[in-house]
Amino acid sequence: MRTHTTRRSVLGASIAAAGMGVLAACTSPGADDGGRGGGHGADHGDTGPAAPEGYVSPYGKEVATVEAGRGSGPERKVRVTATATPLELGGGLTVKSWAYGDRLPGQEVRLTAGDTLALTLANNLPQETSLHCHGISMRNDMDGVPGVTQAPIRPGAEFTYRFVVADPGTYWFHPHTGVQLDRGLYAPLIVEDPREPLSYDKEWVLLLDDWVDGVDGSTPDAVLAELRKGMPPGHSGHGSVTQAKATATATASPSPESRPSGPPRLLRGTKSNLLGGEAGDVDYPYYLINGRTPDDPSQFVAKPGDRIRLRIINAGGETAFRVALGGHKLTVTHTDGFPVRPVETDAVLVAMGERYDVMVTAEDGVFPLTALAEGKKASTMAVLRTGGGSLPEPDVRPAELDRKVLKSAAFLEPDESVAFSRRRPDRMMRIKLTGGMERYDWAFDDKPYSPNGLYDVREGERVRMVFINATDMWHPIHLHGHTFALAGINGSGARKDTAAVLPHRKVTIDFDADNPGLWMLHCHNIYHSESGMMTTVAYRE
């Protein structure tokens, strides 16, 4: 038995270009040095990006000081290659896409809290790329945002991301360049707690995804181009959202310039009470768990009675998933890497970028782990097998999906070991989420991303942000380099780095400004962020 004893671009090519306004005229690693970078900030000397005047640079002394305070544990070296490759998704379906190595998801990276991660990304793609470790509070110069914390990694070049990983939890990594996230470029990053309080026998890491790349000529770039044309109110969308009718022609993922259109991918009329209205705008032909369709699902083998820790990661581009394991109750223990007071539920709703850890005690038999594409009339499946029996039908809908659903981390309380102290905010920001499908003009405060649009903070402050959603769409908002607490009636709530803001609702978060630099704040719907719903939280000197 596994027994431990404590707890625990920017998304855009658009940013890589526009973001250069954030940088000084100096050369940054990844530009004239062949794309190599990484290591400690001191290694860059005066060649790194400079912040706007009066702000902390990603390579500033303040960043190095905070990193030194995290200690220096054993170094864990990892090499990842971003490459164009065929991917077999199950049921005879093969597509050409981009991935880390030749597998989907990419190879898991696992280390222990306190270790130093030295992850070298080799770019074998035909485009520039980058890598962002989602949810990790790392040093700012290793955040992986082209034009803000580094230069893009050019084709044929590589970059080493080196930083101390202080907090245990369930994380993942993906590009922060254009809409590359909606290809196959993602992998889990698991940080073990050396004093883990949970006792369990097995771990099952689950990455949920919505898939379009390489299917009938479609690419994420073509989807974005179609969305940017806008859509008249009341438009009913195109096509079916059932996976069975989609076919793959194994079309290679091209550069944005070539952009084969493929079939229309706009989707309207998607409704979800859990999401407060419209669920999404992209008609994905497939939904995956661990890179497999429900026709040929991934299977996890255990024994009856095993206690299993499920680490659920939504790596999708535009889809929330409602997740349940047929015949089982789920006990939620963590969200976004941080422990909560355990809560029992039948299903959990996971937004893009969010993670939930849940515990189950395995029954005897064959059970569907179903991820319902919320509001999109489709689902996908993996299988828990503890005994004999045939596979469930691909479209199986466990009764648990329609029972008790944890629809938001707002209903969770933090474990006392990670709860924020009570403190009056030193700074308050009210940020309106604006835009709509008609013009596809998503933004904060009606201002699409600009490198000069900064939200100021100072180190040591307790910062409160109030997100006011003035749109008819829900938005999962993600803050880089920090975790925040969902502000509740009884004080600080669960620790998070990604939180969904429903239409015409507001969400209040608090965070401690303890990690200086330039940090992105954006919607984790990849198409919303690429259309302008992102900004920068910048530390004043």
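Is cysteine 523 buried or exposed? In this predicted model, cysteine 523 counts as buried because its relative accessibility is 0%, below the 20% limit for that class. Cysteine 133 is buried as well, with a relative accessible area of 2%. A disulfide is a covalent bond between the sulfur atoms of two cysteines. The count of disulfides in the model comes to 0.

Two open sheets were examined. Strands of a sheet pair through backbone hydrogen bonds, either parallel or antiparallel. One open sheet has 5 strands in the order β27-β35-β34-β29-β32, and its pairing is mixed. Its edges are formed by β27 (454–457) and β32 (498–501), each of which pairs on one side only. Neighbouring strands of this sheet are turned against each other by 25 degrees on average, with direction ignored. Within the sheet, β34 (residues 518–523) and β35 (residues 534–539) are paired in the antiparallel sense over 5 bridges. Tryptophan 519 has valine 537 of β35 as its bridge partner.

The other open sheet consists of 4 strands, ordered β3-β2-β5-β7, again with mixed pairing. Here the edge strands are β3 (93–100) and β7 (158–164), and each pairs on one side only. The twist from one strand to the next averages 25 degrees. Strand β5 (residues 116–124) runs antiparallel to β7, and 7 bridges join the two. Leucine 117 has its bridge partner in β7, namely phenylalanine 163.

Histidine 478 belongs to strand β29 (residues 475–479), which is part of the sheet of 5 strands. With a relative accessible area of 0%, histidine 478 falls under the 20% limit and is therefore buried. Its side chain reaches the backbone oxygen of aspartate 497 at 2.9 Å. When neighbours within four places in sequence are left aside, the residues in contact with histidine 478 include four other histidines, His132, His134, His522 and His524. The remaining contacts of histidine 478 are Gly135, Asp497, Thr498, Met520 and Leu521.

Charged residues were considered next. Side chains of opposite charge can pair when their charged atoms come close. The structure holds 36 salt bridges. One of them joins aspartate 141 to arginine 139, with the closest N and O atoms 2.5 Å apart. Both aspartate 141 and arginine 139 are buried.

Another salt bridge is formed by arginine 292 and aspartate 296, whose closest N and O atoms are 2.6 Å apart. The two partners fall into separate classes of accessibility. Arginine 292 counts as buried because its relative accessibility is 17%, and the limit is 20%. Aspartate 296, at 31%, counts as partly exposed, since this class lies between 20% and 50%.

A salt bridge also links aspartate 346 with lysine 329, and here the closest N and O atoms are 3.0 Å apart. The pair connects distant parts of the chain, 17 residues apart. Aspartate 346 is in the loop between β19 (338–345) and β20 (347–350), while lysine 329 is in the loop between β17 (321–325) and β18 (330–335). Aspartate 346 counts as buried at 4% relative accessibility, whereas lysine 329 counts as partly exposed at 44%. In addition, salt bridges that share partners join Glu108, Arg110, Glu192, Glu196, Glu203, Arg309, Arg311 and Asp357 into one network.

Two further residues lie in loops. Threonine 219 is located in the loop between β11 (202–211) and α3 (220–227). Its relative accessibility is 1%, so threonine 219 counts as buried. A polar atom of the threonine 219 side chain lies 3.0 Å from the backbone nitrogen of alanine 222.

Valine 396 is found in the loop between β23 (378–385) and β24 (405–406). With a relative accessible area of 23%, valine 396 is above the 20% limit for burial and is therefore partly exposed. Its C-alpha atom is separated by 7.6 Å from that of threonine 370, and the two residues are 26 residues apart along the chain. Apart from neighbours within four places in sequence, valine 396 is in contact with Pro368, Thr370 and Met381.

Notes. Residues numbered from 1 in each chain as written. Predicted model: local features only at pLDDT ≥ 70, side-chain atom pairs only at ≥ 80, totals over all residues. Heavy atoms only, no water. Buried < 20%, exposed > 50% of the residue type's maximum accessible area, 1.4 Å probe, protein only. Polar contact = N/O pair within 3.5 Å; in protein donor to acceptor, adjacent residues only side chain to side chain. Contact = heavy atoms within 4.5 Å. Pairing = 2+ DSSP bridges. Axes fitted to C-alpha atoms, helices over the stretch in contact; angles between N-to-C directions. Disulfide = S-S within 2.5 Å. Salt bridge = Lys/Arg side-chain N within 4 Å of Asp/Glu carboxyl O.
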